[in-house]
Structure formats: structure tokens, C-alpha cells
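Good morning, and thank you for making time for this item. I would like to take the group through one structure, with the sequence and the model on the screen.

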Amino acid sequence: MAKKTIPTDIKNEVQRIVDTFNQNIIKNPENFYNVRYRGGYLYLGRSYSGASDPVCRLKYQGEIDNWDFAIYKYSTEKYDPDDWLFPGTEYLNGTVEGAMKAGLKAYPPIGMEHLNGTVEGAMKAGLKAYPPIAEKEKTGLIKSFIRLFRRRY
């Protein structure tokens, strides 16, 4: 059985869809979706400040609006077509655009606008992605953990 490859006209249409999404939804020339192909698979990654991270893999099913979806799991460093318990699944409808919307929800680009190749930019991005917890909240969390620990042991 021959491998199903993605036709050139479909690849051109996918690139148009991705370019439009990047321009109209993401609106950030430093943070955008990119595509690559291997056999019958389309891999969507997101680039920011020169780096690219995997987001999802789409398997071509013979039509532009009927792709099988697999999210990239950083915990296993693999694409998982069976994982449907992540933010953004409500956008999955077999389309490339739906996959990109799901990817934005699963892996939001929080703080990426600060990444500019400097230590200061990385620190700002980190603070935006992981804001510090107020001292009052820290104390409450610690007390909750202690109570939980005491009940269990």
C-alpha cells in the first residue's frame, strides 16, 4: 500500500490558511504558526524569536477540512491522537484553523511579546506567564497543603 502524501494544491491552501491566521488572529510577527510536512502528516509549530516549538500534528484524510488531530505532549515528547483532555478541544472540527485555535488555547503565547533575545525580555516573559503569588495566597496554600498532609498521614 502506497503512503498517502499531501498534494501540492492542498499544501498551498494550508499555507494560505496559516498565513491568514497568523496575520488576523495572532497579529505578532515574532510569534506565528509554521508548517512542515512529512508523508501524509502536517506538523504545526509556533515560532517566537527564532525558536520553534511543536504544537500538533494533522493527518491528511483526503480533504482540506477533514484532518485527524494529535496534540504534542511535552511530558512524553510525542504526538498523542488519543488525548482529548486539554484546553481548546472545543475548536477541533477537522480543519487547520480549528487545530490552530486549539493550539493557542492549549499552549497560549503568554509573555512571548517580551522575548527579544535579552535576559530582561526573558524575565518579563517569565513574570507574565507565571506571575508571583501574593504572600497572603502563599500562606493559604501552605496551610492547605499542611492540612491535607496531616489528614493523609
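**A walk through the model**

At 60% relative accessibility, glutamate 77 counts as exposed, where exposed means over 50% relative accessible area, buried under 20% and partly exposed in between, with a 1.4 Å probe and protein chains only. Glutamate 77 is found in the loop between S4 and S5, and has a positive phi of about 55° although it is not a glycine. The helices (H or I, at least four residues) and strands (E, at least two) are DSSP runs, numbered from the N terminus.

Please note the basis of these values. This is a predicted model, in which local features need pLDDT of at least 70 and side-chain atom pairs count only at pLDDT 80 or more, while totals for chains, interfaces and linings use all residues. Residues are numbered from 1 along each chain as its sequence is written, and side-chain values use heavy atoms, with hydrogens and water left out.

On confidence, pLDDT is the predictor's confidence in each residue, from 0 to 100. The chain has a mean pLDDT of 82, with 69% of its residues at 70 or more. Among the elements, H1 has the highest mean, 96, and helix H4 (residues 135–152) the lowest, 59.

A second residue has a backbone feature of this kind. Lysine 27 is in the loop between H1 and S1, and its phi, near 55°, is a positive value in a residue other than glycine. Lysine 27 is exposed, with a relative accessible area of 63%.

Let me turn to the interior. In soluble globular proteins, nonpolar side chains tend to be buried together. A nonpolar core here is a set of buried Ala, Val, Leu, Ile, Met, Phe, Trp, Tyr and Cys residues joined through side-chain atoms within 4.5 Å. Which members of the largest nonpolar core touch the most other members? Of its 26 residues, they are Tyr33, Leu44, Trp67 and Val96. Two or more residues come from each of helix H1 (8–26), strands S1 (31–38), S2 (41–48), S3 (51–59) and S4 (68–73), and helix H2 (96–106).

Valine 96 shows how these parts meet. Leaving aside neighbours within four places in sequence, valine 96 is in contact with Val14, Ile17, Val18, Leu42, Leu44, Leu58 and Trp67, contact meaning heavy atoms within 4.5 Å.

As for H2 as a whole, eight of its 11 residues are buried. Among them are Val96, Met100 and Leu104. The elements that cover the buried residues of H2 include H1, S1, S2, S3 and S4. At the N-terminal end of H2, threonine 95 acts as a cap, with a side-chain oxygen 2.9 Å from the backbone nitrogen of glycine 98.

Next, the strands. S1 and S2 run antiparallel and are joined by eight bridges; two strands pair if DSSP finds at least two bridges between them. Valine 35 has leucine 44 in S2 as its bridge partner. The two strands form a hairpin with two residues between them, and glycine 39 in the turn has a positive phi of about 60°.

Now the aromatic rings. Rings of Phe, Tyr and Trp (its six-membered ring) pair if their centres lie within 6.5 Å; planes under 30 degrees apart count as stacked, over 60 as edge-to-face and the rest as tilted. A search of the whole structure finds nine aromatic pairs. In one of them, the rings of phenylalanine 21 and tyrosine 33 have centres 5.8 Å apart and planes at 65°, so the pair is edge-to-face. Phenylalanine 21 in helix H1 and tyrosine 33 in strand S1 are 12 residues apart. Phenylalanine 21 is buried, at 3% relative accessibility, and tyrosine 33 is buried at 2%.

Tyrosine 74 and tyrosine 107 also form an edge-to-face pair, 5.2 Å centre to centre with 85° between the planes. This pair links tyrosine 74, in the loop between S4 and strand S5 (78–80), to tyrosine 107, in the loop between H2 and helix H3 (119–129), 33 residues apart. Are these two tyrosines buried or partly exposed? Tyrosine 74 is partly exposed at 39%, and tyrosine 107 is partly exposed at 24%. Both belong to one aromatic cluster with Tyr41, Tyr43, Tyr72 and Tyr79.

I close with aspartate 83, in the loop between S5 and H2. Aspartate 83 is buried, with a relative accessible area of 17%. Not counting residues up to four places away in sequence, aspartate 83 touches Ile71 and Lys73.

How values were computed: Polar contact = N/O pair within 3.5 Å; in protein donor to acceptor, adjacent residues only side chain to side chain.
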